[in-house]
Amino acid sequence: MQGWDKNLNQVMQELKKVIIGKDKIIEKVLMAILAGGHVLIEDIPGVGKTTLALAISKVLQLDYRRMQFTPDVLPSDVVGFQMLSPDGKMQYRPGSIMCNLFLADEINRTSSKTQSALLEVMEEGNVTVDGVTRPLPRPFVVIATQNPIGSVGTQMLPESQMDRFMVRLTMGYPDIVSEIGMLKDREGGNPLERVENVLSRRDLLQIQEMVENTYIHDAVYEYIAALVQKTREGDMLSLGVSPRGTIALANMSKAAAYLSGRDYVIPDDVKKVFCDVTKHRMLLAPKARLNRTTMDDVARGILTSVSAPRLHKK
C-alpha cells in the first residue's frame, strides 16, 4: 500500500496546483472516485467545479467529455443513437457519455427526460440504445454540477437520481488568502497546463479494487447500519437514507481509510464522510422546516446520538 500512498499524495499535490484552499473537497472527490462512485457538486457558477474535473482527468489519464446541460439537450446527445450508414446498416453513434470521466455541467437546467437518461449509465455502467446494451469504458465516473435551487432556469433533481450520486459536495467561495494565491498563480498562465499525469487508468482500477477489499469489522458495519437506521426514525425527516446510501457510506468509508494509509475502516472514517454521503438522500419533514432546522443540524445530530464502537487491537 505504501507505493500507492505515495502516488495518491502526488495526485493531491497536482490537483492543489489548480484548486487552491479546497483540500477537503479535493480529498472527498478523490475518495468517491476510488470508491467507484459519482460526485454531485452544488454551487454557484465560477468557483472551480469544471476546472477540478479537468484537472482530475489530466492527473488520472482519463478520457474526458463535458456536456452543458441546457434545456434543449436530448437523451440521444448523452447516450448516443442509431443511424443508417451508407451500406444500408444501422450504425451506433456514441454519445458524450462514452468516456472515463463525464462532466455533466449544470445538470439541473435540462429536462427530466434527459436527466433520466443518466440513470442506467450511472448505476449499471452500461448504455442501452434500441435494445442493444453496450458497456462503458472503465473506470467510469460522473461529476455533475448543479446551480443552487432557485437559480434562474433550474429544477430539482428527482430523489431517484440524487440517490445515484455517492456524495454531494459544495466548494464555496475561497478565503482571501487562497483567492490572492489564485490570482498570483495565474500570472504565469493557466495552471491546468502545469498539471502532470500521475496515475494511469490501469493504476486507478487496481487501486479501486484494493479499496473495495478494505476490511470492515462487524462492529463498524453495525455502526454504519445504526446511523442509517436513525435517518429513518423520528419526526424531523420525511425520507431517510436508502439501502443504496448504506452501501455508499460503507464504500466511502473504505476510501477514507485507504487515503489514511490503512487497509481497515475505523469509526472516524465513517464520521468523516457521513454528512457528504447522506444529506442529499434525506428530506426534511415539515416540523423541521417550521423549526428552521437545517439538514446539517439533522446530520450532525444523528452522528452525536449514535455511539461509535471502540475497536481494540488483538
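This note goes through the sheet, a hairpin, two backbone details, a helix crossing and a cavity of a model that is predicted.

1. The open sheet. Five strands form an open sheet with parallel pairing, and their order across the sheet is S2-S5-S8-S1-S9. The edges are taken by strand S2 (64-68) and strand S9 (167-169), and because each of these has a single partner strand, one side of each is left without a neighbour in the sheet. Averaged over the sheet and with direction ignored, neighbouring strands are turned by 15 degrees against each other.

2. A pair within that order. Strand S5, residues 101-105, and strand S8, residues 141-146, are paired in the parallel sense over four bridges. For a reader who wishes to find this pairing in the structure, a convenient place is Leu 103, which stands opposite Ile 143 in S8.

3. The antiparallel hairpin. Strand S3 (residues 80-84) and strand S4 (residues 90-94) run antiparallel and are joined by five bridges; among the residues concerned, Gln 82 has Tyr 92 in S4 as its bridge partner. Five residues lie between the strands of this hairpin, and in it Gly 88 takes a positive phi near 90 degrees.

4. The cis peptide bond. The bond from Arg 138 to Pro 139 is cis, its omega being near -5 degrees, and Pro 139 is placed in the loop between strand S7 (132-135) and S8. Pro 139 also appears in the lining of the largest cavity, which is taken up in point 7.

5. A positive phi outside glycine. Gln 61 has a phi near 55 degrees, which is a positive value in a residue other than glycine. Gln 61 is found in the loop that runs between helix H3 (49-59) and S2, and S2 is one of the edge strands described in point 1.

6. The crossing of H2 and H10. The axes of helix H2 (residues 23-34) and helix H10 (residues 243-259) come within 8 Å and cross at roughly 115 degrees, in a right-handed manner. On the side of H2 the contact is made by Glu 27, Lys 28, Leu 30, Met 31, Ala 32 and Leu 34, and on the side of H10 by Met 252, Ala 255, Ala 256, Tyr 258 and Leu 259. Sorted by class, the residues of this contact are nine nonpolar and two charged, with no polar ones.

7. The cavity. Which residues line the largest cavity? Its lining consists of Ile 33, Leu 62, Asn 100, Pro 139, Phe 140, Val 141, Leu 204 and Gln 208, and these divide into six nonpolar and two polar residues, with no charged residue. The volume of this cavity is about 30 Å³, and the count of cavities of 30 Å³ or more comes to one. Of the lining residues, Val 141 belongs to strand S8, which covers residues 141-146, while Ile 33 falls within helix H2, residues 23-34.

Terms used. Residues numbered from 1 in each chain as written. Predicted model: local features only at pLDDT ≥ 70, side-chain atom pairs only at ≥ 80, totals over all residues. Heavy atoms only, no water. Axes fitted to C-alpha atoms, helices over the stretch in contact; angles between N-to-C directions. Helix = DSSP H or I, 4+ residues; strand = E, 2+ residues; numbered from the N terminus. Left-handed = near helix turned anticlockwise from the far one by under 90°. Contact = heavy atoms within 4.5 Å. Nonpolar A, V, L, I, M, F, W, Y, C, P; charged D, E, K, R; others polar. 1 Å grid on protein atoms, 1.4 Å probe; cavity = no way out; pocket = protein on both sides within 12 Å on 5 of 7 lines; lining within 4 Å. Points joined across faces, edges and corners; volume = space filled by probe spheres on them. Pairing = 2+ DSSP bridges.
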